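Got the model open in your viewer? Here is a short tour, stop by stop, with what to select at each one.

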Amino acid sequence: MKIFTTVKDMKNFSRECHCAGKIIGLVPTMGALHEGHLSLVKASKEKCDVTIVSVFVNPTQFAPNEDFDAYPRTFEKDVAKLKLLGVDAIFHPSPEEMYPAGFSTYVNVEGGLTKKLCGASRPTHFRGVATVVTKLMNITQADESFFGQKDAQQVAVVKRFVTDLNLSPKVNMLPIVREESGLALSSRNAYLTSEEKISALALSRGLKKAEATFFAGEKNSAALKKIVADELATEPSISADYIELLKYPSLEETEFVEGESLLAAAIFIGKTRLIDNIILTPNS
């Protein structure tokens, strides 16, 4: 397994792979890898000849008051996990390598895709995501890319700019991986105390209750969101950032679930912000 820290070396490796007729898969990550990330790696390994995993905590998607400095960095452990899975290359650049002096070009997806859900409380977040993912796709020259459903809004944004900018990689979204308790795996779970982890289960529990109610026949968006809100209210340590039910992947408002829709929520528990979602698809 090769580890590249410069854009030049990463591009040279990718060029050699394409010259050899190989299909390249990219798994963009910020490290602190868990089984959710590893499921994306496994999917890439199954579909592609070469798998590249980027490990880069991207400063441009963090606001000044967010947790960039505290974000968990476990590179040596990440390398060991990726080596066991047979990853071909890791791209681990420094912020200065990705954003050198004079950098002034950003990718900004306009409209509701980036202004709702996480974008409402993190207005600069998706500009940073779109910029870094565009750069990673160009640097690695990937043919396929792999993302997790936990970041369903991010996946919708990525699909939008990949289409709009005529970028090459196909965007694959893989299901959320959860702990046995139901808590969606997240690098930020490391911030939680054992008590907070128990309290945080109200998020996945509320979503599952809403899903069961949906399949029992409830299609009203307000009613389904209220089920999640009521469950979150059982835990005094939780404050909700948002609870939304929107058409997916357009993220348009909907009064009733008539097609594929995203029921998503973000919460604060202590100082930690967690997100989770389910995709509701009416039976045909």
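How many nonpolar, polar and charged residues does the lining of the second largest pocket have, by class? Five of each: five nonpolar, five polar and five charged (Ala, Val, Leu, Ile, Met, Phe, Trp, Tyr, Cys and Pro count as nonpolar, Asp, Glu, Lys and Arg as charged, and the others, Gly among them, as polar).

Before you click on, note that this is a predicted model, where local features need pLDDT of at least 70 and side-chain atom pairs count only at 80 or more, while totals for chains, interfaces and linings use all residues. Residues are numbered from 1 along each chain as its sequence is written, and side-chain values use heavy atoms, leaving out hydrogens and water.

**Stop 1: the pocket.** Select A32, L33, H34, S187 and A190, which are the closest to the centre of the second largest pocket among its 15 lining residues. The space here is about 210 Å³. Now colour helix α3 (residues 75-84), which gives the most to this lining, with three residues. (Helices are DSSP runs of H or I with at least four residues, strands are runs of E with at least two, and both are numbered from the N terminus.)

On a 1 Å grid over the protein atoms alone, a pocket is an open set of points with protein on both sides within 12 Å along at least five of seven lines, a cavity is a set where a 1.4 Å probe fits but cannot get out, and lining residues have an atom within 4 Å of a point. Grid points are joined across faces, edges and corners, and a volume is the space filled by probe spheres set on the points.

**Stop 2: the cavity.** The structure holds one cavity of 30 Å³ or more, with about 60 Å³ of space. Select K150, L183, A184, S186, N189, L203, S204, L274, I275 and D276 to see its lining. Strand β9 (272-280) gives the most, with three residues.

**Stop 3: two helices.** Show α9 (residues 194-215) and α10 (residues 221-232), which pack at about 150 degrees with their axes 8 Å apart. That makes them roughly antiparallel (over 145 degrees). For the contact (heavy atoms within 4.5 Å), pick residues including L203, L207 and F214 of α9 and L224 and I227 of α10.

**Stop 4: backbone oddities.** Zoom in on Y248 and P249, joined by a cis peptide bond with omega of about 10 degrees. P249 sits in the loop between β7 (238-247) and β8 (261-269). Finish at L117, which is not a glycine yet has a positive phi of about 50 degrees; look for L117 in the loop between α5 (112-115) and α6 (118-121).

How values were computed:
Axes are lines fitted to C-alpha atoms, for helices over the stretch in contact, and angles run from 0 to 180 degrees between N-to-C directions. Angles under 35 degrees count as roughly parallel, over 145 as roughly antiparallel, 65 to 115 as roughly perpendicular and the rest as oblique.
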